[in-house]
Each structure stands twice: as structure tokens, then as C-alpha cells.
Amino acid sequence: MKSSLVIAALCACTSFQNPDIVVDIRVLAVDADKPEQVIDVDFTNPQPQQMLAEIQPATVCALVVDPFNTRDLRWSMTLCNYSENERCVDGDPQELLGSGVEPDPDITDPEPTMCAVVQPDAALLAVVEHELANDDLKGLQGVDYEVSLRVGGVDGDPSLDLFAEKTLQLAARLPPNRTANTNPYLDHVEVSMADNDSEDFSTPVTLPLGRCVDQPTPFVVPANKKVRINPIEPPGVRETYVLPTLDGKSETFTESLTYQWTATLGKFDNDATGGPRDLAGNEPPLFTDWFSPTGDQLGGSAQDSTLWIVQRDERYGVHWYETCIRVQP
């Protein structure tokens, strides 16, 4: 299956230059089950050990895909201070959280995971104290730190390894009604079809989720079709939150959610949807249109395309979904 998909990818004229189409190893997202934690701090007499006692362990996991290679992947995750190049800075406080070798993430059963846990320990305290010492606001709006991911093929050249980072935040309960962020989520995903030059879509149906290898009967579309994929949000998923302001007051916001779209075949008309309202107050569309490969690109046989949906809020919340669409010539 992977060999036939390689041929299909090579025949797709947009594959090499289109970042939405995954043809090699890629880190698509990194999430944490607790992207933000809010703790009580006595600013008149802060006690580090007391603050650590309020912090909960946070599990960080990576979505790493390698659809056209059959190989194991080696990885490591390191806790350190926030940086802009996704790598820990030499000399700054840091701690290796976990490492290992995982079998092929696209076909192994059960699906392997790349996860590590940030513990409330001396290493985290050292990172937070270093961050505070370099924060002009002294942690007023929270302290950011990161988990840096490094990943590559088990027999690959380490100089070609990929790096990615997950930013987490630790914040004081200021104002008193401040609450920690949680990851966004979806109710379901709807899908409908139309001819490429038409806006007359079929009745939407629920798109089954899961890897191609786990779906014996994935959603089927003909070649050269426009497929509208629409994430359906449940009520209340967009959290309302408060942040302190420099004048000692607070301001209330409502989250805006964004969606990142990638696949192994075809093309998207928009690889990023959602986001804040426009100047007129209108909500941006959440859906995207995916165009299935042509019959010539399929090479005369049905091909499965994996699609990934990465949902994000503006407070480091992340959730991802994977699905499979079978394209018939």
C-alpha cells in the first residue's frame, strides 16, 4: 500500500511544492493534556515548594507522520525555557523527559505514541525561575516554557532530524476568577461532495475518523471531485477567559479556533480556516474544500488518502483528528 501511494504522490503535480500534502516525515502537531495551569501565589511571600505542590503532571504527545516510508522513528523530548527556534538553548535549565524508538506510526497496530510527562519537580522549578528572571512583566500574564521534540528515522542522518516545540503556560490566579485553558474538541466532522466547478454539494454525512489502516471501509469519493470537509463544534467549546491588564484590571475574551488541514493526496483550496472575526464582526468559515486526485494521478487503481485536522485555540490548546478517504478512479 505504501509503495502504491508513493507512485500516486509522485504523479501529483502539486505534491512537491504544496506544504499541505505530506510526502515525507512531518511533525503536524504537539499537544499537552494541560496546556495551561493556574495556581494560587502569595505575591508578598511566594513559596516555590508550595507552588510546585499545586502543579499537576502534564503529558505532552506529538503527531508525527511518515506516510511514504516504512521505518521506525527515534525521538526525544526535553523540557526547557521557551525559544523561537524550537530547540533548547545550551546553558539554560533543561531536562530530558523521555526518548525512544517507535515503530512505523502509520501502519503499526496498536498505533504507537510519542509522549512524555512534565513533572512538578526541581527541573520545572529551575525553568520557571529562569523564565521569570527574564520576563519584563514578572509573570503577570503567565510564564511560558516549552517541551522540545526531536525526531528522525532510526537509521537516518541525525543532521536531518526534525525539531518542534510545545509551549505550555503556568499562571497565577490573577484575577481571582482566572481559570486554566483546556484543549478544544469537535462533536464530529461532516463531508459532502460536488463537481469541481459546482457549489451544489451532496447532503452532508458524518466522516468516520481513524487511520486508513484501521478503517476497512473508509469514506469513498470518485476521482476529480470537490469534497467539502466541515468541523462541527459542540456548544460551549469556545471558552470565555479573563486576563490581567497592566493597569491592574482585567479583560474578558472568547476563544477563536483555527483549523489546519493536511493530506497525503489531492489538494486543498484553503489549508487554514477559522480564526478571529473580521472587522465587520463576521465569523470566518471553518470548512475547507479538498479536491481528490484525477484518474491519471491515481494510475488506474483506488488509493487511500489520509487527512489530518489540527484544531487550535490561541492559548496553546491543541486537538487533532485523523481520517481516511478512498479515491476511486
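Which residue in β3 does Arg26 stand opposite? Arg26 stands opposite Val65 in β3, and this pair belongs to the smaller part of a description that begins with how far the model can be read.

## Basis of the model

This is a predicted model, in which local features need pLDDT of at least 70 and side-chain atom pairs count only at pLDDT 80 or more, while totals for chains, interfaces and linings use all residues. Residues are numbered from 1 along each chain as its sequence is written, and side-chain values use heavy atoms, with hydrogens and water left out.

The mean pLDDT of the chain (the predictor's confidence in each residue, from 0 to 100) is 91, and 94% of the residues reach 70 or more. Over residues 1-16, however, pLDDT stays under 50, and for that stretch the model has 30 contacts (heavy atoms within 4.5 Å) beyond four places in sequence. Where pLDDT is low, the predicted coordinates should not be read in detail.

## The three-stranded sheet

Helices (H or I, at least four residues) and strands (E, at least two) are DSSP runs numbered from the N terminus, and two strands are said to pair if DSSP finds at least two bridges between them. On that basis, three strands form an open sheet in the order β1-β3-β6, with antiparallel pairing. Its edge strands are β1 (26-32) and β6, each of which pairs on one side only. From one strand to the next the twist averages 20°, where axes are lines fitted to C-alpha atoms, for helices over the stretch in contact, and angles run from 0 to 180 degrees between N-to-C directions. Strand β3 (residues 58-65) is joined to β1 over six bridges in the antiparallel sense.

## The five-stranded sheet and helix α3

A further open sheet consists of five strands in the order β2-β8-β7-β4-β5, and here the pairing is mixed. Its edges are formed by β2 (36-39) and β5 (94-102), each pairing on one side only, and the twist averages 20° from one strand to the next. Strand β4 (residues 73-81) runs antiparallel to β5 and is joined to that strand by eight bridges; within β4 and β5, Met77 stands opposite Gly98.

Helix α3 (residues 122-133) packs on this sheet, where the helix touches β4, β5, β7 (143-153) and β8 (162-172), and its direction makes about 55° with that of β4. The twelve residues of α3 should span 16 Å at 1.5 Å a residue (the expected span being 1.5 Å times one less than the number of residues), and the end C-alpha atoms are 16 Å apart, which agrees. The buried residues of α3 (buried means under 20% relative accessible area, exposed over 50%, and partly exposed in between, with a 1.4 Å probe and protein chains only) are Ala123, Leu124, Leu125, Val127, Val128 and Glu131. These buried residues pack against α2 (48-54), β4, β5, β6 (114-118), β7 and β8. At the N-terminal end, α3 is capped by Asp121, a side-chain oxygen of which lies 3.2 Å from the backbone nitrogen of Ala123.

## Asp161 and its partners

Asp161 is found in the loop between β7 and β8, and with a relative accessible area of 8% this residue is buried. Its side chain makes a polar contact of 2.8 Å with the side chain of Arg74, a polar contact being a pair of N or O atoms within 3.5 Å; within protein, one must be able to donate a hydrogen and the other to accept it, and residues adjacent in sequence count only if both atoms are side-chain atoms. A polar contact of 2.8 Å also joins the side chains of Asp161 and Arg150. Leaving aside neighbours within four places in sequence, Asp161 is in contact with Arg74, Arg150, Val151 and Gly152.

## Backbone geometry in the loops

Most residues other than glycine have a negative phi, and most peptide bonds are trans. The table gives places that depart from this pattern.

| Site | Backbone feature | Loop |
|---|---|---|
| Asp109 and Pro110 | cis, omega about 0° | Pro110: between β5 and β6 |
| Leu174 to Pro175 | cis, omega near 0° | Pro175: between β8 and β9 (188-195) |
| Glu86 | positive phi, about 70° | between β4 and β5 |
| Asn224 | positive phi, near 60° | between β11 (219-222) and β12 (225-232) |

Glu86 is partly exposed, with a relative accessible area of 31%, and Asn224 likewise counts as partly exposed, at 41% relative accessibility.
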